[in-house]
Amino acid sequence: MRQSSLSVLTGIFLLLCLHLAQPEWRAMDVVKPGHCPEFPLRCPFTMIPLCRRDRICKKDKKCCFYNCRYQCMVPWESLD
């Protein structure tokens with residue numbers, strides 16, 4: 001790679017990092033009410049996630065770790 005190409009890539013990377021570090025980006029994160037169902041078994045590996053945050057899940061579903069992957073699930077109202 002030439003030095004000019006490297007400089008452009010470095011600049012883009014820095015701008016992306018600064019954009020993600022802004023407080024309003026984190027304020028957009030939504031935590032929906034309820035608790036994720038428990039998954040008591042150990043996973044020998046973790047599969048590709050189907051979600052990363054609650055705001056990605058439709059309606060009242062939450063992004064929960066279950067069956068060795070993160071996926072949108074109907075939450076429990078309590079842990080009892």
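A residue counts as buried when its relative accessible area is under 20%, as exposed when it is over 50%, and as partly exposed in between. By that cut-off, 15% of the 80 residues in this protein are buried. The model is a predicted one.

**Overall layout**

The protein has two helices and two strands. Along the sequence they follow the pattern α-α-β-β. Helix α2 covers residues 23-27, and strand β1 covers 62-66. Strand β2 takes in residues 69-73.

About 7000 Å² of the protein is exposed, and carbon and sulfur atoms supply 62% of that area. Contacts were also sorted by separation along the chain. Of those between residues at least 6 apart in sequence, 48% join residues at least 24 apart.

**Disulfides**

How many disulfides does a search of the whole structure find? It finds four. Number the bonded cysteines in sequence order and the pairing reads 1-6, 2-7, 3-5, 4-8. Three of the links are described here, including their S-S torsions.

| Disulfide | S to S distance | S-S torsion | Handedness |
|---|---|---|---|
| Cys 36 and Cys 64 | 2.1 Å | -75 degrees | left-handed |
| Cys 51 and Cys 63 | 2.1 Å | about 95 degrees | right-handed |
| Cys 57 and Cys 72 | 2.1 Å | about -85 degrees | left-handed |

Take Cys 36 and Cys 64, whose sulfur atoms lie 2.1 Å apart. This pair links distant parts of the chain, 28 residues apart: Cys 36 sits in the loop between α2 and β1, and Cys 64 sits in strand β1. Are the two ends buried or partly exposed? Cys 64 has a relative accessible area of 0%, so it is buried. Cys 36 reaches 28%, so it is partly exposed.

Next come Cys 51 and Cys 63, again a disulfide with its sulfur atoms 2.1 Å apart. Cys 51 is in the loop between α2 and β1, while Cys 63 is in strand β1, 12 residues apart along the chain. Why does Cys 51 count as buried? Its relative accessibility is 4%, and the cut-off for buried is under 20%. Cys 63, at 10%, counts as buried too. The torsion about this S-S bond is about 95 degrees, so the disulfide is right-handed.

The link from Cys 57 to Cys 72 also has an S to S distance of 2.1 Å. Here the loop between α2 and β1 supplies Cys 57, and strand β2 supplies Cys 72, 15 residues apart. Cys 57 has a relative accessible area of 4%, so it is buried. Cys 72 is partly exposed because its value is 30%. The torsion of about -85 degrees makes this disulfide left-handed.

**Pro 44 in the loop**

Where is Pro 44? Its place is in the loop between α2 and β1. That loop also holds Cys 36, Cys 51 and Cys 57. Pro 44 is exposed because its relative accessibility is 74%, and the cut-off for exposed is over 50%. Its C-alpha atom is 8.3 Å from that of Cys 68, a residue 24 positions away along the chain.

**In brief**

The loop between α2 and β1 is tied to strand β1 by Cys 36 and Cys 64 and by Cys 51 and Cys 63. Cys 57 and Cys 72 tie that loop to strand β2.

Definitions and conventions:
Residues numbered from 1 in each chain as written. Predicted model: local features only at pLDDT ≥ 70, side-chain atom pairs only at ≥ 80, totals over all residues. Heavy atoms only, no water. Helix = DSSP H or I, 4+ residues; strand = E, 2+ residues; numbered from the N terminus. Buried < 20%, exposed > 50% of the residue type's maximum accessible area, 1.4 Å probe, protein only. Contact = heavy atoms within 4.5 Å. Areas by Shrake-Rupley, 256 points an atom, 1.4 Å probe, with all protein chains shown as cover. Disulfide = S-S within 2.5 Å.
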